[in-house]
Structure formats: C-alpha cells, structure tokens
Number of protein chains: 2
Amino acid sequence: MTATLKDVAIRAGVSTSAVSRTFTDGASVSDKMRRKVEKAASELGYSPNFLARSLTTRRTKLIGLVSNNFHNPIFLQVFDLFTRGLQDAGLRPLLVNLSDETDPENSLRMLQQYSVDGVIVASSTLPPYFSKAFRDRKLPIVHTFGRYASSPDVHIVGIDNVESGRMAARELVGRGYKKVAYMGGPLSATSTQDRFKGFEDEMSRHPEIERSHSYADAYTFDAGRTEMLRLLKSNPSEAYFCADDVISIGALSAAKDMGLKVPEDIGFIGLNDMTMAGWENINLTTIHQPITQIISSSVELMVAMLEDPERYPEARLFPCRVVERGTLRPRP
Amino acid sequence: MTATLKDVAIRAGVSTSAVSRTFTDGASVSDKMRRKVEKAASELGYSPNFLARSLTTRRTKLIGLVSNNFHNPIFLQVFDLFTRGLQDAGLRPLLVNLSDETDPENSLRMLQQYSVDGVIVASSTLPPYFSKAFRDRKLPIVHTFGRYASSPDVHIVGIDNVESGRMAARELVGRGYKKVAYMGGPLSATSTQDRFKGFEDEMSRHPEIERSHSYADAYTFDAGRTEMLRLLKSNPSEAYFCADDVISIGALSAAKDMGLKVPEDIGFIGLNDMTMAGWENINLTTIHQPITQIISSSVELMVAMLEDPERYPEARLFPCRVVERGTLRPRP
DNA sequence: GTTTTTTTTGCAACCGGTTGCAAAAATTAT
DNA sequence: ATAATTTTTGCAACCGGTTGCAAAAAAAAC
C-alpha cells in the first residue's frame, strides 16, 4: 500500500539502514547518499511509520490526555490550548474521556497498551491517588488543575484552591456582606473541598458574619440552578461564592428568575473566568484562573519529563485575581 | 520494563505463538493452555502492546479526530459525544487541532504516520476538498457537519444546511416580520454559505419582505457582537437569522446593551441549540441540530467503514426543528 | 605513495508482536 | 488396537522500522 523503508532502499539502490538514517536526525549520512535517498523517497511519497519506529526507539510522541470535565465550558479552552501546545511540541494527544469513572486502572492499561510517552490528567475533581497510579507505573505524568500538596507525588500545575477560597471570602467581606455562603460542586471534587476550606478559614476570622454552605450535584449550569432554587425557598444569603463559573451562572439565572435583582438583592462571585462569564448578558464577577499559563506550563513540564523521567515532582501554582463585573455590589 | 510476550511464554513454558493466541480472539487454543498462559500473564501484569500488534494486523484502532472549531461551545458536546462513542466502539481518538489551517496535507501525513484506521473530520466550515484528500489516500473518512452534496465524495453526516436556512426564513415570515436579515459566520465557511442560500431561496418567495445580509468574522461571541454593533449604527432589521448560536448570543448582547428590548424591538433566531441557548439568562430561540444522533451515526458509519473500506459514500442528514424560547415575537 | 585517522555504509540482530504451515497430540471412526 | 480426522502447538518468517559493530571508503597525516 504505502511505501516502506525497504521500497525506498531498493529504489535508491542502497541499504535500509541508509534510508533509516536519512530520516533520523543526528545520524551519519553523506550528502550524496541523502540526496539519493530523498529523491527515491519523494518519488514514492514515503514517510516513516512512527509506530514501527517506536518499537525500537521507545518513543511514540503520544501523550494521553485524560479528563472528566467534558461538561464544563472552560474545558473547550483547555482542549484548544492543550492540543495546540502539544502539537507545537511535536506531541500528539490521545484523548481519554473518563465520564464518571474514577478508577485509573482502565485508562492506565489502555494508555500503556498504546505506549504513550506520558499522561496529562486535566481535572480539578480527581483525587491525588488517580494520578499517582500513573507515576507508580513509571509513566511521566502531569496533573493539571490537580490538588496542591506540600510534597506532591506527581507534578501539579494549577492554582492554590485553598487560597482562591480565601480570596473569595476577602472579597465578600470587603464588600460588607453580613450573611454569605459557599456553593460547591460535588463534594467528592477536590477543588470543591479545597475552595471551601480556604473560604471557611478566612471567614472564621469574621465571626460577626453569618455563613453557610451547600453543594450542587455537578459542575453544570443545571446543578447550580437547581441548588439555588432550593436555597431561595428557605432563607437565602446575601452573597454566594460559587466554586465554579458554570455553577454561578446557573445560580444567577435562578435568582433572576425568582425576581431578585443582582447585585442589589443578591450577589455572586464565581471562579474560572471562562469566556461566557464575560458575555455581556451574563457579566459575572469572578476569580480569574490563568489557564493559558497553566496549560503552557503543563506542556513545558511534560516535555521536561520526557527528557528526564526521574525529575523530582514539583507544584506550579499560578496566582488568581478577581475580575470585577456586575454580580457583586460595590465596596462601601 | 513492562512484561512482553516472550516473558510470558518463558514463564508459562510455552511458545510465543501460544501466548499470542490466547490474547487474540478467535484463535485456536486449548483450555488448559489458556489457563496456563493467563496465569503467567497475570503474574507478570502483562497486556499486549497494541502498536506492535498493529504492525502485522494493520489495525491500530486509532481514529484521527480533526477539527477547527475549538472556539464554539457546541464542540464541547461534540468532543464529549465523540470520545465516548469511539471508546464504546473500542476505538481511540487522536485529536488534531487545525487552528486556521485549511490545507489537509500536514494532518494527512501525520495521521498516516500514526497509521490511524480512519479519520473523522468534525467541522462545519471546511470545504469538501479537505475530506476528499483523505479518501484519495484510501483512508476511511467521515465528514461530520460537512457540506451536503447530491453525490458526495465522502460520507457526510449532519444536517441539510440549505434547508435549515429555509426553515429560519419560514419562521421569520410566519411571525410577520417585514424586514429581516441574515448574519453569517465567515464567508469561507460552507455552513455559512449554505444556510444563506436556503434563507435567500425561501425569502425570495416573499418579495414584500425587505432583506439583507452580512457576515461576522468568526463563529464566536465577540464576532457576533461586533457585527451587530456595526449594524445597529445604521439601519437595523426587525429580525435576524444568525448562522450559529454563539454568533446569535453575541448579537443579542449587543442589542440589549444598546437598549433594545428582545423580542419586542428586535428578534433573533440562532442555529444549533447549544446548551447555553437554554440557559435562562440567554433563552435563545433557535434551530435545534440533533447532535447526539449526528455523532452516534458518524461513529456507526466509521465502524462500518472499517469493516468495508470500499463502502459507497452516503450522506446522512438529520432533520432540525425550531426550539421556541424568548428571542422571537409570537406568531400573529 | 603509504599509513593513519575519520567518516560512511551495510550486515544482521532486534523491538513486540502475528500467522501460515506442518508436525504433534487428541479425538473419532472403524 | 489401528487408521482417519480434527484440534492444538511450535517453528520460522514477517510487519516496518533502528542500531551496534565491523568493513569499506574517504580524508588527513606523513
């Protein structure tokens, strides 16, 4: 079907090694030989088979890109940035959609069967043991949006979720709210846990402010909306820190539907600063997560890991900042 | 490092063929042999290397998933459905982000180097020659969201874009608008061209209705918003058919910002029915594209192509329907 | 023009599997 | 028990490449 190394060798009247060498950089080939081979190769439309090559080189340039956040719009940006970043580094993303799976075994086996050079886990919900399973099998791994630990098992790139919770709390305090709440995503998500921790931590320094918390079922619009509708029936707070923009937007829509004015009657602050948060008909005040930097840093780290698989695990945390839009009342 | 076929063979005290056969279904192995091999394999944690296998079987189960729509939120659903659908069929998506590239050569070469079994092009903007290039190289191909042609070169799965344009036109006519317009995406996008064609076609039957058209730079919120702001400066129409929801939402936000009431002062109908169109704070009337069916049908078709690569190209078009929300005034 | 050194080339083994073919073993028929 | 048939197994070649090593060729030194 497609031309092989041998075909080219025969056509050029040289050995297969010679052909192989002209397509391997850093190999010793004379100019004359190179020209001869390249001529034959282009006549036959030959290009080397990466998979066959990988058998001896033990490098496929395939990177497993594992995620379970296919419902959060922020991940469209994430996939865009990752695919471009990996491509630019000469790597190929093999996409794995975890859906609701939280056991790494299946993905792990599958990715090993495809001999991926490394794995990027892009998820703010999966626990550390998930990515650790990959490291235990000696696969270079980066956990993007992973949970920060002072001595991480694997490379973590993302934000300090606890700190982001504190930041949200400070913001609400600074605006003079007297009754605030945290609305998380699913309780099992590490980001939901950590953001809550920071929020509580900071809030506990202001005992005069009443606080409460609850959780939406998922990081989705509908879950945020449903939870907010529930809360509005009883005794709602003045302002909510929602653990994610998409939840915020759901909550926001619920509040507006119930006839509440934002930010006069009720306030919201989200986290992520996804594209839609800036859409004028949403206009959500939120904490910006620098995902461009997070992802390019993740790719860089992966490239470095491929060079040195023994590289010591590090955590790379990027600072967040509040993006003021229209869902929180002005500072007094 | 990881156990190989040979390791298992030695441990089980049998030939490598025997081991290979126990991991190939349909191969002849006695129960006794199978048990012996499976024991050794599980002790060593062996699982076969797909890439080595592919060298002889000529099947990698890798499918190239090529797209250039990484900015349209609808594609998050598309990726979710595709990755799950392919996984369920035992296939693996190798993601290619085209960015602005419209020449198939690079992707083609790369995908051939990885010996993908087939390619799915998921794009409503790429012209037929793009997917044809793959077919010319004998790669099984499905163009999802591709342009319909009565005798297609490759399998097309999607909607009849021309008809969807007519549908939008009928909807606006039915609501008694007297001055309407089409707002496309980039003029180079086949979907923008076809939807316009249908819109014009239907509208030309109502000469009493004034019509015009223009184009947003891209299928993005900002492009839709910018174009709408421009239109509002001169002499806007009563209602707009926007070629895509994300453009509609941008246009909608521009209209609201300029103090126009929707649907009283100005109407919008989009196309896609992406998740956010249903968000209560957007509430866009739009034409629903049945993407779940489109994608599962695309995957089915790909599976069928892998069985029979000579399969005659067909077009699978799914009907759309109008989803009434709040951006078009009621029928008189 | 020889000898020494450096560069280029081909041979052959290997990467981790699969598979056609024939021999060996197990079944079935006689 | 023997012959005929069917099933199971191993040998060896192959898939499409790479690479260590030694021989051949070219370049440099004498």
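User: Which domains does the assignment give for chain A?

Analyst: In this predicted model, the domain assignment divides chain A into domain 1 (5-48), domain 2 (62-158 + 291-318) and domain 3 (161-289). Taken over C-alpha atoms, the centres of domain 1 of chain A and domain 2 of chain A are separated by 37 Å.

User: What makes a residue count as being near DNA strand D, and which residues come nearest?

Analyst: A residue counts as near a strand if its C-beta atom, placed from the backbone, lies within 6 Å of it. Around DNA strand D there are 26 residues, of which L5(A), S17(A), S20(A), M33(B) and L55(B) come nearest. Two or more residues of this surface are given by each of α2 (16-22) and α4 (50-57) of chain A, together with α2 (16-22), α3 (31-44) and α4 (50-57) of chain B, and α4(A) has the largest share, with five residues.

User: Which residues come nearest to DNA strand C, and which element gives the largest share of the surface there?

Analyst: M33(A), L55(A), L5(B), S17(B) and S20(B) come nearest among the 26 residues around DNA strand C, while the largest share of that surface, five residues, comes from α4(B). At least two residues each are supplied by α2, α3 (31-44) and α4 of chain A, and by α2 and α4 of chain B.

User: How many residues of the surface near DNA strand C are nonpolar, polar and charged?

Analyst: With Asp, Glu, Lys and Arg counted as charged, the surface near DNA strand C divides into 10 nonpolar, 13 polar and three charged residues. For DNA strand D, the division is into 10 nonpolar, 13 polar and three charged.

Note on methods. Residues numbered from 1 in each chain as written. Chains lettered and ligands numbered in written order. Predicted model: local features only at pLDDT ≥ 70, side-chain atom pairs only at ≥ 80, totals over all residues. Helix = DSSP H or I, 4+ residues; strand = E, 2+ residues; numbered from the N terminus. Domains from an automatic or database assignment.
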